[in-house]
Amino acid sequence: MPLNPSDLFDVRSLLTDEERAVQDTVARFTDERVLPIIGDCFDQGRFPKELVPEIAGLGLLGSSLPEQYGCAGLNAVSYGLICQELERGDSGIRSFVSVQSSLCMYPIYAYGTDEQRQQYLPGMARGEIIGCFGLTEPHGGSDPANMKTHAKRDGDDWVINGAKMWITNGNLAQIAIVWAMTEDGIQGFIVPTDSKGFTAQEIHRKMSLRASVTSGLFFDNVRVNDRQRLPNVKGLKGPLGCLTQARYGITWGPIGAAIACFTEASNYAKERILFNRPIAATQAVQIKLAEMARRITLAQLMVLQLGRLKDAGKMQPTQVSMAKWNNCRIALDIAREARDILGGAGITTEYCPIRHALNLESVITYEGTETVHQLVVGREVTGINAF
């Protein structure tokens, strides 16, 4: 039996029946609903909002959270497979789901009150309430402790001033999870985006994540009641805990982008005839395709083990850092090599590699740059903090 080129070690056989069913469902959605439109959406700089009800209907928003809040209650491996199949379509689609699930719904569930969970999570799972996550600031994102946005107590209210930058879903959102410095350290707030003094400005002229909404958030004496504060966490532990959840999904997502690029380059190489033979018959192209398959296989095995560790409650942030570093890098390299195999045709969005390559320039940067994750691993193996 010939092997599956995009799953040479038959990793799929290690999945449970439920995990395979989840992957198949999301793969079908990507094939039928995302891929036919996503090239045009990227060209137009448009997020396909029309897909949100379908994404919600499949149970993909907050998929790992309990069913009592209207969520699917899936395991971590299933969530990873969701991210992989969505990013096979486009990083912008996966980013929307990641932000909603891991950066907005998760902190309400993990750090909020039961009243907040009941108020927001079911509507967010249905896609009726969209969230965004305000942590990164204009002066730099890799040092979140140097936070300028602040919240001051005023009776039963908090008054928030400051700015956030590079915020996915910012102009789509009805609520923002905002992290601000207080007299008692960094705290999180659920800020309705129709609050007086809140402004979201969409960032244009992007060459990456064009099928995604990216915004700056501005807070000018935004007043929220103490009931909107997330009371069960203080300090950087809160936002960093959210980022670990989201980064976990990102370790899976780029594998989907890599598989899409690898598959398109492989098919093209078999059809493209030069010097009376397909370019797939040349050693140079075969070595490139073999190297892509090798890297995809290593990434697949890494994230499956990471998912099993997460489901067992044993996953460590350093492991997430290594997987994000590795898998974003392999996906970006594969996208660039696939573009090269396609030659001149590879610079158009009629083919997916240039779109994925441009998107992955953001994915390898956001939620911890490659350098940051390398230093996290370096600190783990040496015991010395080099930040």
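A search of the whole structure, which is a predicted model, turns up nine aromatic pairs. A ring pair is described by how far apart the centres are and by the angle between the planes. Take Phe-47 and Phe-96: their ring centres are 5.1 Å apart and their planes meet at 35°, so this pair counts as tilted. The two partners come from distant parts of the chain, 49 residues apart, with Phe-47 in the loop between α1 and α2 (52-57) and Phe-96 in helix α4. Are these two rings buried or exposed? Phe-47 is buried, at 8% relative accessible area, and Phe-96 is buried too, at 1%.

Another pair to look at is Tyr-106 with Tyr-111, which is edge-to-face, with 6.0 Å from centre to centre and 75° between the planes. Tyr-111 has a relative accessible area of 7%, under the 20% cut-off, so this residue is buried. Both tyrosines also belong to one aromatic cluster, together with Phe-133 and Trp-179.

Rings have charged company as well. Arg-210 lies over the face of Phe-42, 5.9 Å from the ring centre. Lys-310 does likewise with Tyr-248, at 5.5 Å from the ring centre.

**A covered strand**

Phe-133, one of the cluster members, leads us to strand β1 (residues 131-134), where Phe-133 and Gly-131 are on one side. In a regular strand, side chains alternate between the two faces of the sheet. On the other side of β1 are Cys-132 and Gly-134, and all four of these residues are buried, so both faces of the strand are covered. Which strand does β1 pair with? The partner is β4 (residues 175-182), in the parallel sense and over four bridges. If you want a spot to start from, Cys-132 stands opposite Ala-176 in β4.

**Two pockets**

The largest pocket has a volume of about 1200 Å³. Of its 47 lining residues, the closest to the centre are Thr-136, Gly-141, Tyr-366, Glu-367 and Gly-368. Several elements each supply at least two lining residues: α4 (91-111), β3 (157-168), α6 (237-271), α8 (317-341), α9 (353-363) and α10 (370-382). Helix α4 gives the largest share, with five residues.

The second largest pocket holds about 460 Å³ of space. Its lining is made of 25 residues, and those nearest the centre are Asn-4, Ser-6, Asp-7, Gln-23 and Ile-259. Two or more lining residues come from each of α1 (17-44), α3 (76-89), α6 and α7 (283-311). Which element gives this pocket the largest share of its lining? That is α6, with seven residues. Helix α6 is also among the elements that supply at least two residues to the lining of the largest pocket.

Here is how the two linings break down by class:

| Pocket | Nonpolar | Polar | Charged |
|---|---|---|---|
| Largest pocket | 20 residues | 19 residues | eight residues |
| Second largest pocket | 10 residues | eight residues | seven residues |

**Positive phi in two loops**

Most residues other than glycine have a negative phi. Phe-275 is not a glycine, yet its phi is positive, at about 55°. You'll find Phe-275 in the loop between β9 (273-274) and β10 (277-278). Its relative accessible area is 79%, over the 50% cut-off, so Phe-275 counts as exposed.

Glu-367 is another non-glycine residue with a positive phi of about 55°. This one sits in the loop between α9 and α10. Is Glu-367 buried or exposed? Its relative accessible area is 16%, and buried means under 20%, so Glu-367 counts as buried. Recall that Glu-367 is also one of the residues closest to the centre of the largest pocket. The helices on either side of its loop, α9 and α10, each supply at least two residues of that pocket's lining.

**After the last helix mentioned**

Ala-386 is found in the segment after α10. With 55% relative accessibility, Ala-386 counts as exposed, because the cut-off for that label is over 50%. The C-alpha atom of Ala-386 is 8.8 Å from that of Val-376, and the two residues are 10 apart along the chain.

Technical notes
Residues are numbered from 1 along each chain as its sequence is written. This is a predicted model: local features need pLDDT of at least 70, side-chain atom pairs count only at pLDDT 80 or more; totals for chains, interfaces and linings use all residues. Side-chain values use heavy atoms; hydrogens and water are left out. On a 1 Å grid over the protein atoms alone, a cavity is a set of points where a 1.4 Å probe fits but cannot get out, and a pocket is an open set with protein on both sides within 12 Å along at least five of seven lines; lining residues have an atom within 4 Å of a point. Grid points are joined across faces, edges and corners, and a volume is the space filled by probe spheres set on the points. Ala, Val, Leu, Ile, Met, Phe, Trp, Tyr, Cys and Pro count as nonpolar, Asp, Glu, Lys and Arg as charged, and the others, Gly among them, as polar. Rings of Phe, Tyr and Trp (its six-membered ring) pair if their centres lie within 6.5 Å; planes under 30 degrees apart count as stacked, over 60 as edge-to-face and the rest as tilted. Buried means under 20% relative accessible area, exposed over 50%, partly exposed in between (1.4 Å probe, protein chains only). A charge sits over a ring if NZ of Lys or CZ of Arg is within 6 Å of the ring centre and within 35 degrees of the ring normal. Two strands pair if DSSP finds at least two bridges between them.
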